[in-house]
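Okay, thanks for making time, everyone. Have a look at what's coming up on the screen, and then I'll walk you through it.

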Amino acid sequence: MNIVISGLGIIGGSYAKALKKYTDHYIIGINRSEQPLQQALECGAIDKAGSPEDLKTADMLILGTFPEAAVHFVEENAHLIPSGCIVCDTCGIKSRICPQLSELAAKHGFTFVGVHPMAGKEKNGFSASEADLFVGASCIIVPCGADEDKVEIVAKLAEKIGFSQIVYTTPENHDRMIAFTSQIPHVIACAYVQSPCCPVHKGFSAGSYRDVSRVAHINEKLWAELFTENRTALLQEIDVLSEKLAAIRTALENDDRGKLEEILAESRRIKEELGE
């Protein structure tokens, strides 16, 4: 296939590198700034530094940009996308953008399939991308009414570049679950490192500190967009977390060791039953 990747950050760049490593597809990169394109050409991640005109011959378009930018790119260039092309986003929210991109697909005759690769790192940009970023990861696919054969092409391609699990879901369920598995941990990490103890933690910290604080190394523009676009589900998770923290605080305030043990034992039981 001719695959165009718009946005060569960590995700778009990793798609390019993975596709070149594990498939024989022809990869065209599009990016607002020139440096990532040159880096991608030099390391062989793309075959060509392209422009929207290259969409005319695209069999697949992968949107490696922020949600709003992904929709904007398709809105501006939909007239160039051929009817046989499969357009995939890679965004961490779906309820807001899937209807918009599905509507554009229906209007212009191409196919849209929502995709969310459950992989990443704290660092950003093409320099942080890697060919094996997706190996062993889960790929969430949101079909959005696309034909089964098109969805299967997307799934098979995901498997070829290393994804070990394909999960199919709706935009609404995606966003509800992502609020729990991805967004609330980032909320916790960002709040945690704002403690006055954080700047003087060295010598007192080990694995627990690293585990909780790791994702506070955050792209604030991206995550502010993801948080606000999914605010209903995220607020629900914040409410649940606040309730559980309040229960622990009350037990401490009342010097109730029995209640505290009960809460901690329940947490251990849940984790053990999950087996992970």
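Let's start with a question: in which sense do strand S1 and strand S4 pair, and over how many bridges? Keep in mind as you look that this is a predicted model. So, S1, residues 2–6, and S4, residues 60–63, run parallel, and they're joined over 4 bridges. If you want one spot to click on, take Val4, whose bridge partner in S4 is Leu61.

On top of that, there's a helix to look at. Helix H4, residues 97–108, packs on the sheet and touches strands S5 (86–89), S6 (111–118) and S7 (138–142). The direction of H4 makes about 150° with that of S6.

Now the sheet itself. It's an open one with 8 strands, and going across you read S3-S2-S1-S4-S5-S6-S7-S8, with mixed pairing. At the edges sit S3 (48–49) and S8 (165–168), each pairing on one side only.

Okay, zooming out. The protein chain has 10 helices along with 8 strands. Its C-alpha trace spans about 70 × 40 × 30 Å along the principal axes. There are 276 residues, and 44% of them count as buried. If you take the contacts with a separation of 6 or more, 74% come from residues 24 or more positions apart.

Last bit, the surface and the charges. The accessible surface is about 15,000 Å², with 53% of that belonging to carbon and sulfur atoms. On charges, we've got 27 positive and 38 negative side chains, and the centres of those two sets are 4 Å apart.

Technical notes: Residues are numbered from 1 along each chain as its sequence is written. This is a predicted model: local features need pLDDT of at least 70, side-chain atom pairs count only at pLDDT 80 or more; totals for chains, interfaces and linings use all residues. Side-chain values use heavy atoms; hydrogens and water are left out. Two strands pair if DSSP finds at least two bridges between them. Helices (H or I, at least four residues) and strands (E, at least two) are DSSP runs, numbered from the N terminus. Contact means heavy atoms within 4.5 Å. Axes are lines fitted to C-alpha atoms, for helices over the stretch in contact, and angles run from 0 to 180 degrees between N-to-C directions. Buried means under 20% relative accessible area, exposed over 50%, partly exposed in between (1.4 Å probe, protein chains only). Accessible areas come from the Shrake-Rupley method with a 1.4 Å probe; for residues, only the protein chains shown count as cover. Lys and Arg count as positive and Asp and Glu as negative; His and the chain ends are not counted. The place of a charge is taken as NZ of Lys, CZ of Arg, CG of Asp or CD of Glu.
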